[in-house]
Amino acid sequence: MPQHIASQRRSKIAVAGHICLDIIPTFPRQEQATVSQEQATGQIEPGKLYKMGPAVCATGGAVSNTGLALHQLGMPVTLMGKIADDLFGGEVLNVLKRYHPDLAGGMIITRGEETSYSIVISPPEVDRSFLHCTGANDTFCAKDVDLTLLDNVNLFHFGYPTLMQRFYQDGGQQMSKLFQQVQAQGVLTSLDMAVPDPNSAAGRVDWLDWLRRVLPNVDLYLPSIEETLFMLNREDEACLVDLPTGATGMQFDPKLLASLADQLLEMGAGVVVLKLGEEGLYLRSANDRILRFEGTKEHSNEAKANGEEGLLAGSSWSNRELIAPCFEVEVVGTTGAGDSTIAGFLAAVCSGESPEKSLVQAVAVGACSVEVADATSGICSLSELGRRVDAGWNRRNSGLKLDGWSWNEDRGVWHGPHE
């Protein structure tokens, strides 16, 4: 039976879902050229000993990337990933506790299984290769989530069900059940995805049917454009145009973004936020669904005492269409950038910010993330982030054809024709 580590820490946000241990061997300088050349040509010699440097151990997956980014921003957060009582599971806990002793408080520990891990083979100037074990992520199910840990939580975010067998193999029943239970406690729900291997069992799932079952219980749906196209069975060539070398890489038709988002809203999502990579974030919200967070009894009383209506309340979140462009940075690495961007958005939502401010904060956090090689060490506090934005941080020029859109200089977003 799984057990949960007790924690007394109050959290505004809970992040659940996929977590793993990344083991990243470093390459000594004398071995770099040889190994890089052999891997690039697929000729790493069987039986040969390659001398390596120390291994770097880090946590990966949505629970780690989004959860630790929220922690770096200064948001109280509970992490809910499933690991085993093995050596790798112990290292996952050690990594989390190095950030804060309480961050492991919601982790689920099971016996007789294996902690998920990846061995990341990353020679210089060569694409990375991965040796991955799914481990306990595949047995994580709705009943593993201790709902009592949500008593003081405003928002419940779940990441990467596409990589977790129990959550994709039943057509979305586990995911829908979990979100229904969470919403019954007055907690806002949020969902992020990952593109599965098309040749895997997850890749063969009827994701359109899965989304129809799950999205009615999702308040904030935060996939990437690539994940959305994959799941709605769209052909990439119909909507993506290659740009010249040195440009952003892809150009998205805003009309297609609106069409995709409207499909997701019709399936039941309250707010859809599409990650567009270097082109920023696109937001589309419903106008026929009451987007209002009442919260638990404790939260409702607190909100009323402060004269607050609750998260996502009021007309500012109804029937909106916005794009926030990315900030200019020198990119060092993009690992976890999407997850960090989501963290910025969720932190803003839980702070009662407007959709415009939430999008700008999201892309700002994403920009900080890519300034360093790992997912979260470049992320600063919300106050520091705000000062950097207010100081006139430059935006990237958009590669989108935004005909019919209007730029709001004060808020730093584009307003779409559907508003």
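Q: Before we start, what counts as buried, exposed or partly exposed?
A: Buried means under 20% relative accessible area, exposed means over 50%, and partly exposed is in between. Keep in mind that this is a predicted model.

Q: Fine. Where does E113 fall, then?
A: E113 has a relative accessible area of 22%, so E113 is partly exposed.

Q: What does the side chain of E113 meet?
A: The side chain of K82, in a salt bridge. The N to O distance is 4.0 Å.

Q: Where do E113 and K82 lie?
A: E113 is in the loop between strand 6 (108-110) and strand 7 (117-121). K82 belongs to strand 5 (residues 77-84). The two are 31 residues apart in sequence, so the pair ties those parts together.

Q: And K82, buried or exposed?
A: Buried, because the relative accessible area of K82 is 3%. So a buried lysine pairs with a partly exposed glutamate.

Q: Why would such side chains pair in general?
A: Side chains of opposite charge can pair when their charged atoms come close.

Q: How many salt bridges does the count come to?
A: The count is 12 salt bridges.

Q: Give me another. What does R396 meet?
A: R396 and E278 meet through their side chains in a salt bridge, 3.7 Å from N to O. This pair links distant parts of the chain, 118 residues apart. R396 sits in the loop between helix 12 and strand 17 (406-408). E278 sits in the loop between strand 14 (271-275) and strand 15 (281-285).

Q: How accessible are those two?
A: R396 has a relative accessible area of 30%, so R396 is partly exposed. E278 is at 40%, so E278 counts as partly exposed too.

Q: What about R411, which residue does its side chain meet?
A: The side chain of R411 meets that of E356 in a salt bridge, at 2.9 Å from N to O. R411 is in the loop between strand 17 and strand 18 (413-415), while E356 is in helix 11. They are 55 residues apart, and the pair links distant parts of the chain.

Q: Which side of the cut-offs is each one on?
A: R411 is at 45% relative accessibility, so R411 counts as partly exposed. E356 is at 3%, so E356 counts as buried.

Q: Which residues are linked with E356 and R411 in a network of salt bridges?
A: R320 and E419. The network links R320, E356, R411 and E419.

Q: Switching to helix 11. How do its axis and that of helix 12 cross?
A: At roughly 100 degrees, and the axes come within 11 Å. Helix 11 covers residues 355-370 and helix 12 covers residues 382-390. The two helices are therefore roughly perpendicular to each other.

Q: Which residues meet there?
A: From helix 11, V360, Q361, A364, V365 and C368. From helix 12, L382, L385, R388 and V389. The residues of this contact divide into seven nonpolar, one polar and one charged.

Q: New topic: V15. Where is it found, and buried or exposed?
A: V15 is in strand 2 (residues 13-17). Its relative accessibility is 0%, so V15 counts as buried.

Q: What does V15 touch?
A: Not counting residues up to four places away in sequence, V15 touches A62, V63, T66, G67, L70, V77, T78, L79, M80 and H157. As for C-alpha spacing, V15 and L68 are separated by 9.6 Å and are 53 residues apart along the chain.

Q: And V218, where does that lie?
A: V218 lies in the loop between helix 6 (207-214) and strand 11 (220-221). With 0% relative accessibility, V218 counts as buried. The C-alpha atoms of V218 and F179 are 7.1 Å apart, with their positions 39 residues apart along the chain.

Q: What about N217, buried or exposed?
A: N217 is also placed in the loop between helix 6 and strand 11. N217 is buried, because its relative accessible area is 12%. Leaving aside neighbours within four places in sequence, N217 is in contact with S176, F179, Q180, Q183 and T189.

Q: Zoom out. How many helices and strands are there?
A: The protein chain has 12 helices and 18 strands. Of its 419 residues, 53% count as buried.

Q: How much area does the chain expose?
A: About 18700 Å², of which carbon and sulfur atoms supply 48%.

Q: Last one: what share of contacts join residues at least 24 apart?
A: The share is 76%, among contacts between residues at least 6 apart in sequence.

Note on methods:
Residues are numbered from 1 along each chain as its sequence is written. This is a predicted model: local features need pLDDT of at least 70, side-chain atom pairs count only at pLDDT 80 or more; totals for chains, interfaces and linings use all residues. Side-chain values use heavy atoms; hydrogens and water are left out. Helices (H or I, at least four residues) and strands (E, at least two) are DSSP runs, numbered from the N terminus. Buried means under 20% relative accessible area, exposed over 50%, partly exposed in between (1.4 Å probe, protein chains only). Contact means heavy atoms within 4.5 Å. Accessible areas come from the Shrake-Rupley method with a 1.4 Å probe; for residues, only the protein chains shown count as cover. Axes are lines fitted to C-alpha atoms, for helices over the stretch in contact, and angles run from 0 to 180 degrees between N-to-C directions. Angles under 35 degrees count as roughly parallel, over 145 as roughly antiparallel, 65 to 115 as roughly perpendicular and the rest as oblique. Ala, Val, Leu, Ile, Met, Phe, Trp, Tyr, Cys and Pro count as nonpolar, Asp, Glu, Lys and Arg as charged, and the others, Gly among them, as polar.
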